[in-house]
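Here is a short report on a few strands, one helix and a ligand shell. Please keep the structure open while you read.

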Amino acid sequence: MAYTKEFITDLYKNLLYTRLSEEKLVAIYKEGRVPGHIHSGVGQEATHVGTLFTRKEGDYFKLAHRVVSISHVLGVPFNNIYSEILGRQDGNSRGGGGVNHIADFSKGVLGMSGTLGCDMAFAAGAAYKLKLENKGNIVYCYYGDGTSNRGPVHEAMNWAAAWKLPVLFVLDNNQWAISTCIYESTAVENPGADRAPAYGMVSKVVDGTDVLAVYEAAKELSEYVRAGNGPAILEAKTYRWRGHFEGDQCKYRDPAITEKWQKKRNCVKRMENYMQENDFITEDEIKTMYGEIDAELNAAVEFAEASPRATAEDLFKNIFA
Ligand SMILES: Cc1ncc(C[n+]2csc(CCOP(=O)(O)OP(=O)(O)O)c2C)c(N)n1
């Protein structure tokens with residue numbers, strides 16, 4: 001398909017924002033500036049950015065614990081994202097949620113459950129609301145390959161399919177669940193796509209490091225879901241570049257394979273090559289963009305560090321009982 005320069009530049013810029021933010025989180029974690037932990041999503045940005053470029057006003061998003069910077073693409077400011085991650089009161093959940101719980105209902109960002117898989121029912125529930133409203137909106141529901149083996153995932157998928165709920169399930173198959181490789185825990189090659197027929201769903205498998213391929217596949221499936229045909233599964237093949245969490249030494253896997261993905265399947269570099277080959281951007285313009293985004297991210301970290309810390313009293317606010 002022929003793309004306009006504006007579209008490609010916007011897609012790339014969002015990809016770069018997400019990459020540089022995921023790297024920034026690793027950097028400030030190393031400096032001891034992040035309380036708790038982070039799950040870096042470096043290397044997996046294209047799956048999220050490519051699918052989200054098919055979103056429409058009024059859609060909902062059930063994100064995951066990895067690639068948390070993606071909520072910026074949905075309009076959540078970095079000041080609030082970083083404040084939440086650093087446990088500060090300017091965070092989206094006033095610092096009480098932390099890295100796994102970037103939620104902003106005003107932008108359709110529903111957050112997630114730390115009990116992986118259980119939150120797939122949030123997506124189906126939100127999709128039921130959208131179905132009743134009948135405005136052509138859908139829910140984007142992200143999950144991992146390890147999560148795909150949990151019982152609540154099956155329940156949510158069956159419910160969504162039986163009631164023809166508008167959910168696009170996006171499986172970010174990075175091949176690892178902490179230290180367990182997907183091929184040790186799962187009998188099928190494609191834990192999203194191979195299971196889709198059992199639910200009566202359509203699916204596609206795509207190279208999750210090719211943002212344009214992801215976009216095209218998501219466009220086709222999201223249009224199918226928007227038209228009222230029921231849910232669908234997009235399975236994106238990626239690789240977890242870093243450890244499960246920062247500090248994980250990855251002793252359980254071959255570093256040569258990781259290196260191969262980093263060198264050959266770097267979604268940002270692939271997009272930069274594509275853009276330069278097609279005269280959409282120059283090397284200097286790319287360099288300028290890196291500098292500007294980095295400065296913006298540094299300012300957001302500074303903002304977060306200046307925000308007051310969440311206090312023990314805050315624990316008792318905004319709870320039901
Ligand atoms: C029900 C449940 N079991 C275990 C955990 C601990 N846990 C956190 S992340 C994770 C790995 C999930 O793997 P995957 O779904 O492939 O996502 P990835 O971390 O690779 O992005 C596990 C087991 C959890 N949060 N919830």
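Two strands pair if DSSP finds at least two bridges between them. The model is predicted. Strand S1 (residues 60–62) and strand S2 run parallel and are joined by three bridges, so they count as a pair by that cut-off.

**Strand S2 and its neighbours**

S2 covers residues 139–144. S2 also runs parallel to strand S3 (residues 167–173), with six bridges joining them. S6 and S7 pair in the parallel sense too, over six bridges. The table sets out these pairings, with one pair of opposite residues for each.

| Strands | Sense | Bridges | Opposite residues |
|---|---|---|---|
| S1 and S2 | parallel | three | Lysine 62 and cysteine 141 |
| S2 and S3 | parallel | six | Valine 139 and valine 167 |
| S6 and S7 | parallel | six | Serine 203 and isoleucine 233 |

How much of S2 is buried? Six of its six residues are. Both faces are covered. Val139, Cys141 and Tyr143 lie on one side. Tyr140, Tyr142 and Gly144 lie on the other. Cys141 is thus a buried residue that stands opposite lysine 62. Val139, also buried, stands opposite valine 167 in S3.

S2 connects onward through a helix. S2, helix H5 (residues 151–162) and S3 make a right-handed β-α-β unit.

**Helix H8 and its surroundings**

A second right-handed β-α-β unit is made by S6, H8 and S7. H8 spans residues 211–229. Does its length come out as expected or not? At 1.5 Å a residue, its 19 residues should span 27 Å. The end C-alpha atoms of H8 are 25 Å apart, which agrees.

Which residues of H8 are buried? They are Val211, Val214, Tyr215, Ala217, Ala218, Leu221, Ser222 and Val225. Several elements help to cover them. Among these are helices H1 (5–30), H2 (45–52) and H10 (267–277). Strands S3, S6 (202–207) and S7 (232–237) are also included. S6 and S7 therefore have two roles here: they flank H8 in the β-α-β unit, and they help to cover its buried residues.

Just after H8 comes glycine 230, with a positive phi of about 100°.

**Around the ligand**

Which residues come nearest to the ligand? Of the 17 around it, they are Leu116, Gly144, Gly146, Thr147 and Ala177. Gly144 is also one of the buried residues of S2. By class, the shell has four nonpolar, 10 polar and three charged residues.

Terms used: Residues are numbered from 1 along each chain as its sequence is written. This is a predicted model: local features need pLDDT of at least 70, side-chain atom pairs count only at pLDDT 80 or more; totals for chains, interfaces and linings use all residues. A residue is buried if 20 or more other C-beta atoms lie within 10 Å of its own, exposed if 12 or fewer, and partly exposed in between; C-beta atoms are placed from the backbone. Helices (H or I, at least four residues) and strands (E, at least two) are DSSP runs, numbered from the N terminus. A crossover is right-handed if, with the strands pointing away from the viewer, the path from the first strand over the helix to the second runs clockwise. The expected span of a helix is 1.5 Å times one less than its number of residues. Two residues are in contact if their C-beta atoms, placed from the backbone, lie within 7 Å. A residue is near a molecule or strand if its C-beta atom, placed from the backbone, lies within 6 Å of it. Ala, Val, Leu, Ile, Met, Phe, Trp, Tyr, Cys and Pro count as nonpolar, Asp, Glu, Lys and Arg as charged, and the others, Gly among them, as polar.
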